[in-house]
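This report describes one protein chain for a reader who has not seen it before. Please look over the sequence and the model before reading on.

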Amino acid sequence: MRRKLVAGNWKMNGSLAALAELDGIAAAAAAYPGVDVAVAVPATLIAPAHARAPGLAIGAEDIHPAPSGAHTGCLSAAMVAEAGATFTIVGHSERRIEQRESGQDVWAKAEAGHRGGLGVILCLGETDVERASGRAERVVSSQLERALPGDATGDWLTIAYEPRWAIGTGLTPTPGDVQAIHGAVRAKMVDLLGDAGHAIRILYGGSVTGENAARMFALPDVDGALVGGASLTAAKFVPIIAAAAGL
Ligand code: PGA
């Protein structure tokens, strides 16, 4: 049985003052022990977030693949772990677009996260043009094949399917479309990793709210959500956690 995971992604939002939101999120995490709750925050907020909510899984939004070296402005897995992160996101579409990260980069970051003792949330997702031309499943499957570490297990890896056109737009795929992609991702992981592929969680991401979360969580291969905008306040994030708990 895969436990549900509800993970927030604050992106380039938040401040020391905004960490007050973590109080309500941590309280919900404690109130629903059957659900795993995590929040990825800007790197400057990892240490204070961890100090404010020590019981909550705090993560990084990205890491560099190298353990150290001449990479101005970058952070290694060990650095974010020292600050209190227990996981990192890799391959978010905003980084694939803005920083031109390739599938190979994403693979290397996933490996580096694992080597550094972090959990890894690896993001995949098609564009609107790819979906409109009937290529969504093929695109996501090939992104997975490129970035999936060969030694991945459910103990440290989570996949997030986030159609690019659904991020921050208020648009979501139909439940049938979500399950079709999640089912294909599951089948591909089992193909590549054997039984370990059954234990790796697949989150849905893209305009998840308290209103639509339960519909997504009811699908057989949706093991939780990666939430952007609605993770910024406890008022919006807690109902998603409650939906994962089946309430
Ligand atoms: P959104 O972002 O929930 O604001 O659509 C999701 C994400 O990019 O992780």
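## Strand β7

The structure is a predicted model. Strand β7 is covered on both of its faces: on one side Arg201, Leu203 and Gly205 are buried, and on the other side Ile202 and Tyr204 are buried. In a regular strand the side chains alternate between the two faces of the sheet. Counted along the strand, five of the five residues of β7 are buried, and β7 is described as mostly covered.

β7 covers residues 201-205 and pairs with a strand on each side. β6 and β7 run parallel and are joined by four bridges. Within this pairing, Tyr161 has Tyr204 of β7 as its bridge partner. β7 also pairs with β8, which covers residues 224-227, again in the parallel sense and over two bridges. Here Tyr204 stands opposite Ala225 of β8. Tyr204 therefore has a place in both pairings, with Tyr161 as its partner in one and Ala225 opposite it in the other, and its side of β7 is buried.

## The barrel and its helices

What do the strands form as a set? They make a closed barrel of eight strands in the order β1-β2-β3-β4-β5-β6-β7-β8, with parallel pairing. On average, neighbouring strands of this sheet are turned by 25° against each other, if direction is ignored.

Two helices can be placed against these strands. Helix α7, residues 136-147, lies across β5 and β6 and runs at about 145° to β5. Helix α11, residues 234-244, packs on the sheet and touches β1 (4-9), β2 and β8. The direction of α11 makes about 165° with that of β1.

## Pockets

Rolling a probe the size of a water molecule over the atoms shows where empty space is left. The largest pocket holds about 610 Å³ of space. Its lining has 25 residues, and those nearest the centre of the pocket are Lys11, Met12, Glu61, Asp62 and Arg95. At least two lining residues come from each of α2 (43-52) and α4. By class, the lining of the largest pocket is made up of twelve nonpolar, six polar and seven charged residues.

The second largest pocket has a volume of about 270 Å³. Of the 19 residues that line this pocket, Leu5, Asp36, Ala38, Ala57 and Arg201 lie nearest its centre. Arg201 is also one of the buried residues of β7. The strands β2 (35-40), β5 and β6 (157-161) each give at least two residues to the lining of the second largest pocket. This lining divides into eleven nonpolar, five polar and three charged residues.

## The cavity

How many cavities of 30 Å³ or more are there? The count comes to one. The volume of the largest cavity is about 30 Å³. The elements that give two or more residues to its lining are α4 and β5 (119-124).

The residues around the largest cavity are Gly91, His92, Ser93, Arg96, Cys123, Leu124, Gly125, Glu162 and Arg164. Among these lining residues, two are nonpolar, four are polar and three are charged.

## Two residues with positive phi

Arg100 and Ser207 can be taken as a pair. Arg100 has a positive phi of about 50° although it is not a glycine. Ser207 is likewise not a glycine, and its phi is positive at about 60°.

Both residues lie in loops. Arg100 is placed in the loop between α4 (93-98) and α5 (103-115), while Ser207 is in the loop between β7 and α10 (213-217). Is each residue buried or exposed? Arg100 has a relative accessible area of 71%, so it is exposed. Ser207 has a relative accessibility of 16% and therefore counts as buried, since the cut-off for buried is under 20%.

## Met79 and Gly116

Met79 belongs to helix α3, which covers residues 77-83. The relative accessibility of Met79 is 45%, so Met79 counts as partly exposed. Met79 and Gly116 are 37 residues apart in sequence, and the distance between their C-alpha atoms is 9.2 Å.

How values were computed:
Residues are numbered from 1 along each chain as its sequence is written. This is a predicted model: local features need pLDDT of at least 70, side-chain atom pairs count only at pLDDT 80 or more; totals for chains, interfaces and linings use all residues. Side-chain values use heavy atoms; hydrogens and water are left out. Buried means under 20% relative accessible area, exposed over 50%, partly exposed in between (1.4 Å probe, protein chains only). On a 1 Å grid over the protein atoms alone, a cavity is a set of points where a 1.4 Å probe fits but cannot get out, and a pocket is an open set with protein on both sides within 12 Å along at least five of seven lines; lining residues have an atom within 4 Å of a point. Grid points are joined across faces, edges and corners, and a volume is the space filled by probe spheres set on the points. Ala, Val, Leu, Ile, Met, Phe, Trp, Tyr, Cys and Pro count as nonpolar, Asp, Glu, Lys and Arg as charged, and the others, Gly among them, as polar. Two strands pair if DSSP finds at least two bridges between them. Axes are lines fitted to C-alpha atoms, for helices over the stretch in contact, and angles run from 0 to 180 degrees between N-to-C directions. Contact means heavy atoms within 4.5 Å.
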